[in-house]
Amino acid sequence: MDNVTRIGVSLEPELLKSFDDLIEKMGYEARSEAIRDLIREALTKEKIKDPECPGVGTITLVYEHHKGGVRERLMDIQHQHHQVISSSIHVHLDLDRCLEVLVVKGTVGQLQALADELGAVKGVLHGDPVIMAEGVLEEAEGHEH
Ligand code: NI
């Protein structure tokens with residue numbers, strides 16, 4: 001990383017021990033990376049309170065495909081929101097249930113509204129969005145892929 005500022009943090013020993021145990025369990029090799037991720041998480045939480053904030057994410061749906069009109073309803077809603085749906089994956093889980101993952105990009109307000117609308121369709125067993133604030137991801141300098 002080229003451009004970093006070092007900071008000192010004072011912590012009670014018990015708190016530090018708990019933190020070290022936690023991040024070891026999570027697989028972090030260094031405290032700095034764990035702290036950076038926590039800061040990004042906090043910034044994201046704050047930013048996605050703003051419905052105008054640009055966001056990216058996924059909406060995961062599980063539904064029973066033969067329940068009255070559920071497929072048609074979900075398809076109608078997806079077409080109405082075509083500007084924010086980048087891609088979708090459909091997996092036939094078993095005889096009755098389908099898993100669908102939508103990759104979405106738009107304002108946080110648009111993504112949340114779409115997730116709410118899809119989740120409220122009768123026959124949808126599970127509808128969960130994962131929404132990230134795009135700006136925070138861009139600030140994640142030095143993140144290795
Ligand atoms: Ni299916």
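Helices here are DSSP runs of at least four residues in state H or I, numbered from the N terminus. With that convention in place, let me turn to the structure, which is a predicted model.

I begin ahead of the helix called α1, which spans residues 13-25. Val9 belongs to the segment that precedes this helix. Is Val9 buried or exposed? Its relative accessibility is 56%, and because exposed means over 50%, Val9 falls in the exposed class. Val9 also has partners at the surface: together with Ile7, Leu11 and Leu15, it makes a nonpolar patch of about 410 Å².

I now move from nonpolar side chains to charged ones. As a general point, oppositely charged side chains can pair when their charged atoms come close. How many salt bridges does the model contain? The count comes to nine, and I shall discuss several of these in turn.

The pair I take up now is Arg31 with Asp20, whose side chains form a salt bridge with an N to O distance of 2.8 Å. This contact links distant parts of the chain, since Asp20 sits in helix α1 and Arg31 in helix α2, residues 31-47, with their positions eleven residues apart in the numbering. Both partners retain some accessibility: Arg31 is partly exposed at 41% relative accessible area, and Asp20 is also classed as partly exposed, at 22%.

Next comes the pair Asp94 and Arg97, where the side chains meet in a salt bridge, again given as 2.8 Å from N to O. Asp94 has a relative accessible area of 35%, which makes it partly exposed. Arg97, at 33%, is likewise partly exposed.

Further along the chain, Glu134 forms a salt bridge with Lys105. Here the closest N and O atoms lie 3.4 Å apart. Which elements does this pair bring together? Glu134 lies in helix α5, residues 134-139, while Lys105 lies in strand β3, residues 97-107, so the contact ties together parts separated by 29 residues in sequence. As for accessibility, Glu134 is partly exposed with a relative accessible area of 21%. The value for Lys105 is 44%, and Lys105 too counts as partly exposed.

Finally, I draw your attention to a network. Which residues are linked in it? Salt bridges connect Glu33, Arg36, Asp37 and Arg40.

To close, I return to two points on the predicted model: the nonpolar surface patch that includes Val9, and the salt bridge that joins Glu134 to Lys105.

Key: Residues numbered from 1 in each chain as written. Predicted model: local features only at pLDDT ≥ 70, side-chain atom pairs only at ≥ 80, totals over all residues. Heavy atoms only, no water. Patch = residues over 30% accessible without salt bridge, like charges linked within 9 Å, V, L, I, M, F, W, Y side chains within 5 Å. Areas by Shrake-Rupley, 256 points an atom, 1.4 Å probe, with all protein chains shown as cover. Salt bridge = Lys/Arg side-chain N within 4 Å of Asp/Glu carboxyl O. Helix = DSSP H or I, 4+ residues; strand = E, 2+ residues; numbered from the N terminus. Buried < 20%, exposed > 50% of the residue type's maximum accessible area, 1.4 Å probe, protein only.
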